[in-house]
Amino acid sequence: MAAAVTAAPPPAIATALLRRGTNRSHYLRSSRPRCIYSDAVAEPVPAPPPAPSRRGGHAGTRLEEAVPPGEGRSRVDAWISARLGGGGVSRARVQASIRAGLVAVNGRPVSKVSHTVKAGDTVSCTVSELTPLRADAEDIPLDIIYEDEHLLVVNKPAHMVVHPAPGNANGTLVNAILHHCKISTFTCLAHNSIDDEYSESSDDDVDVFDVDQFTTGDVSSEVREAIVRPGIVHRLDKGTSGLLVVAKDEHSHAQLAEQFKLHTISRVYISLTCGVPTPNSARIEVPISRDPNNRIRMVAAPGSGHRYAKHAASRYKVREVFCGGGSALVEWRLETGRTHQIRAHAKYLGNPLLGDETYGGTKSMALSLLRPRTPSEYRGDISNLVSKIDRPCLHAALLGFKHPHSGKELEFSCPPPDDFTEALDELRRVTPISDGQDSDGVAQVCD
């Protein structure tokens with residue numbers, strides 16, 4: 001696999017974050033999350049024909065087909081998904097069927113989702129039952145940036161988990177959305193966020209959550225008739241704040257997931273790092289895999305021989321430098337979506353995110369970089385600042401996509417929450433103007 005860190009043109013994003021001394025109330029007014037189209041309400045279009053009803057959420061659906069002549073080699077889970085995906089069967093569901101022994105190639109059962117099929121192979125598959133996980137509606141406040149009959153764009157707060165999982169079934173974004181959409185209870189497919197090394201695409205940051213989102217076997221006919229079925233299209237880490245789109249119907253979910261798969265979604269993140277990445281602007285192309293020594297951590301390693309290593313590419317731009325190089329405001333744009341992609345790539349650069357204890361951005365590292373570079377009268381303030389940081393300083397600031405029904409280009413931006421902004425303001429306050437900044441406080445970054 002290729003691995004490279006190459007200089008890249010600086011990505012451009014208009015944000016009030018890059019200015020020092022901005023009045024807070026004015027900043028919030030001028031930077032309110034917004035759609036770039038004032039008339040961004042989706043235009044009515046004919047609904048796609050309903051998929052054939054299958055009892056049990058497609059469980060028992062069978063496929064038996066030969067790989068056509070001339071078709072190249074591919075993973076068996078990807079090949080089956082391409083043929084069943086249009087019927088509402090997700091890749092995660094296909095992978096569950098493989099692990100359950102319900103897939104055979106040339107009459108022989110396969111157990112690995114990465115098994116390769118080639119032209120002439122006969123593939124048979126029976127779709128497995130869903131593993132249900134009950135999700136109850138909870139009255140949790142939501143910061144809804146945009147909503148129509150097909151989707152929601154939400155500003156997720158830090159410390160909120162997106163999707164229920166075993167051991168974490170309450171207090172999630174899905175629980176809050178169920179309440180918002182007036183759905184009392186749903187049963188959804190459990191997803192083990194720790195054991196997702198087989199996932200096709202996930203990033204911390206953004207993960208195409210390709211599962212059959214909700215089944216209605218355990219709910220009333222009134223709920224089933226509501227036909228409002230929120231589906232998580234992508235995820236943000238628990239500690240990451242910012243913009244996230246949620247589909248309300250299967251067509252919207254499928255269309256948005258396809259945009260993520262094709263990397264046509266615009267995603268911009270901002271972070272505070274320990275130290276300053278070098279060079280100031282670059283493209284990182286380093287594969288990411290599960291850390292064999294820590295199941296909850298990913299690792300970016302060039303030439304990784306890990307069997308589940310996935311291609312990953314990010315672009316970053318240093319926007320502002322603080323305390324003589326002790327920290328930096330960095331803008332990230334993702335070309336791929338892998339679990340913890342920004343966090344793993346930042347660690348690979350030697351500049352983990354401020355507050356990211358999992359990836360080395362510890363309080364002791366932050367203090368060792370900031371205190372020696374800070375004027376003596378501010379060192380106590382730096383210690384106080386670092387002690388308050390309780391999550392990776394990462395925020396999903398911009399999200400753009402095509403509306404799944406109208407096809408209209410939508411783009412939303414959202415300022416970071418108070419904890420991020422307070423840390424940013426404090427770093428600016430203790431950084432002398434002479435530390436590479438102009439009279440307005442904007443970093444002078446050379447490409």
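This is a short walk through one protein chain, from its overall make-up to two groups of strands and one helix.

Please keep in mind throughout that what we are looking at is a predicted model. To begin with the whole chain, it has ten helices and 23 strands, and of its 447 residues, 53% are buried. If we take the contacts between residues at least 6 apart in sequence, 73% of them join residues that are at least 24 apart. The accessible surface of the chain comes to about 19,300 Å², and carbon and sulfur atoms account for 51% of that surface.

Let me now turn to strand β11, which covers residues 151-156 and is mostly covered, with six of its six residues buried. Which residues of β11 lie on each of its two faces? On one side we find L151, V153 and N155, and on the other L152, V154 and K156, and since all of these are buried, both faces count as covered.

As for the partners of this strand, β10, at residues 144-147, runs antiparallel to β11 and is joined to it by three bridges. Within that pairing, I144 stands opposite V154 of β11, and the two strands form a hairpin that leaves three residues between them. β11 also pairs with β15, residues 241-247, again in the antiparallel sense, here over six bridges, and in this pairing L152 stands opposite V246.

A further hairpin can be found later in the chain, where β22, residues 394-402, and β23, residues 409-413, pair in the antiparallel sense over five bridges. K402 has E409 in β23 as its bridge partner. Six residues lie between β22 and β23, and in that turn G407 has a positive phi of about 80°.

Finally, I would like us to look at helix α9, residues 379-388, whose buried residues are I382, L385 and V386. Why do these three residues count as being on the same side of α9? The reason is that they cover an arc of only 95° around the axis, and this places them together on that side of the helix. On the other side of α9, by contrast, G380 and K388 are exposed. As to what the buried residues of α9 meet, they pack against two other helices, namely α8 at 363-370 and α10 at 418-429.

To close with the two elements we spent most time on, β11 is buried on both of its faces, whereas α9 has its buried residues on the same side and exposed residues, G380 and K388, on the other.

Key. Residues are numbered from 1 along each chain as its sequence is written. This is a predicted model: local features need pLDDT of at least 70, side-chain atom pairs count only at pLDDT 80 or more; totals for chains, interfaces and linings use all residues. Side-chain values use heavy atoms; hydrogens and water are left out. Buried means under 20% relative accessible area, exposed over 50%, partly exposed in between (1.4 Å probe, protein chains only). Helices (H or I, at least four residues) and strands (E, at least two) are DSSP runs, numbered from the N terminus. Two strands pair if DSSP finds at least two bridges between them. Contact means heavy atoms within 4.5 Å. Accessible areas come from the Shrake-Rupley method with a 1.4 Å probe; for residues, only the protein chains shown count as cover. The arc is that of the directions from the helix axis to the C-beta atoms.
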